Amino acid sequence: MHIAEGFLPPTHAAAWAAASAPFVVHGVRSLTREVREHPESTLLLGASGAFTFVLSALKLPSVTGSCSHPTGTGLGAILFRPPVMAVLGTITLLFQALLLAHGGLTTLGANVFSMAIAGPWAGYAVYRLLRRYGVRLMVAVFFAAFVADLSTYCVTSVQLALAFPDPGSGFLGALGKFGSIFAVTQIPLAVSEGLLTVLVMRLLVQSSKGELTRLGVLIADKQSRSETEAVAR
């Protein structure tokens, strides 16, 4: 959900930019370390960024001043952890604001916080929880992408409700209105994104098993070998 240029009050835009900055700085350090220690991961990093860019550029009109779209951040969060996705998501949002008039520079901090920070962390938390309890890889991938998408829309709803509370019911009333309108388009998009992310992960399991094992997505044990064989079939 990209909030449009100039839509947020200046104080809100500045506050969200300040809240996002530490995550992005930490992400730059993580990304630099990953590339320096494992230069072979550059191609997969680029693919994760491209996946986010393409999916999040597919926008549907939604609440005034915003839009609904897939986010594509779940895949990168699983592969490289949420700090790296904070950087890839910020780059994606910056390019879309400059080249596609999608989002904006004044609202970049708010959009980064919802799509590149909150979404990846929520999706990754669900992924790790499911994998810890033995849920199969592709099921965990689906729910990670699904939750990353929905969490982004939830945070955007909060951001808009804080900026534009309902005259009668205040923040909670505005949150309910924004959230319910977003849900009409965002829930089907989240399901679709989950299925697409599973498809991409299946392809990666077949073509990049060694890299996924190094990243911890696949573990060299009996369970992971059986998962790889199941995907291949």
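**Questions on rings, helices and salt bridges**

Trainee: Why does Glu40 count as partly exposed?

Mentor: Its relative accessibility is 45%. Buried needs under 20% and exposed needs over 50%. Glu40 falls in between, so it counts as partly exposed. Keep in mind that this is a predicted model.

Trainee: What makes Glu40 and Arg214 a salt bridge?

Mentor: Their closest N and O atoms are 3.7 Å apart. The cut-off is within 4 Å, so the pair qualifies. This pair links distant parts of the chain. Glu40 sits in the loop between helix 1 and helix 2, Arg214 in helix 8, and 174 residues separate them.

Trainee: How do you know that Arg214 and Glu34 meet in a salt bridge?

Mentor: The N to O distance is 2.9 Å. That is within 4 Å, so the definition is met. Here too, distant parts of the chain are linked: Arg214 in helix 8 (residues 209–214) and Glu34 in helix 1 (residues 10–37), 180 residues apart.

Trainee: Which of the labels buried, partly exposed or exposed fits Glu34, and which fits Arg214?

Mentor: Glu34 has a relative accessible area of 15%. Buried means under 20%, so Glu34 is buried. Arg214 has 30%, between the 20% and 50% limits, so Arg214 is partly exposed.

Trainee: Which residues are linked with Arg214 in a network of salt bridges?

Mentor: Glu34, Glu40 and Glu211 join Arg214 in that network. The structure holds 4 salt bridges.

Trainee: What makes Asp166 and Lys177 a salt bridge?

Mentor: Their side chains meet at 2.4 Å, N to O. The limit is 4 Å, so the pair counts. Asp166 lies in the loop between helix 6 and helix 7 and Lys177 in helix 7, so the bridge ties together parts 11 residues apart in sequence. Asp166 counts as buried because its 16% is under 20%. Lys177, with 46%, is partly exposed because that value lies between 20% and 50%.

Trainee: How many aromatic pairs are there?

Mentor: The count comes to 6 aromatic pairs when ring centres must lie within 6.5 Å. One of them is Phe142 and Phe146, with centres 6.0 Å apart.

Trainee: Why is the pair of Phe142 and Phe146 called stacked?

Mentor: The planes are at 15 degrees. Stacked means under 30 degrees, so the label holds. Both residues are in helix 6 (residues 137–163), 4 residues apart, and so about one helical turn separates them. An α-helix has 3.6 residues a turn, so residues three or four places apart point the same way.

Trainee: Why do Phe142 and Phe146 count as buried?

Mentor: Phe142 is at 18% relative accessibility. Phe146 is also at 18%. Buried means under 20%, so both residues get the label.

Trainee: How much of helix 6 is buried?

Mentor: Of its 27 residues, 21 are buried, and helix 6 is mostly covered. From first C-alpha to last, helix 6 reaches 39 Å, close to the 39 Å expected.

Trainee: Which residues do ring pairs link into a cluster?

Mentor: Trp16, Phe23 and Phe113.

Trainee: Which residues make the nonpolar surface patch?

Mentor: Ile91, Leu94, Phe95, Leu98, Leu99, Leu100 and Leu105 make this patch of about 670 Å². Leu94 lies in helix 4 (residues 82–99).

Trainee: Why is Leu94 called partly exposed?

Mentor: Its relative accessible area is 32%. That lies between 20% and 50%, so the label is partly exposed. Patch residues need over 30%, so Leu94 passes that limit as well.

Methods:
Residues numbered from 1 in each chain as written. Predicted model: local features only at pLDDT ≥ 70, side-chain atom pairs only at ≥ 80, totals over all residues. Heavy atoms only, no water. Phe/Tyr/Trp six-rings, centres within 6.5 Å; stacked < 30°, edge-to-face > 60°. Helix = DSSP H or I, 4+ residues; strand = E, 2+ residues; numbered from the N terminus. Buried < 20%, exposed > 50% of the residue type's maximum accessible area, 1.4 Å probe, protein only. Expected span 1.5 Å × (residues − 1). Patch = residues over 30% accessible without salt bridge, like charges linked within 9 Å, V, L, I, M, F, W, Y side chains within 5 Å. Areas by Shrake-Rupley, 256 points an atom, 1.4 Å probe, with all protein chains shown as cover.
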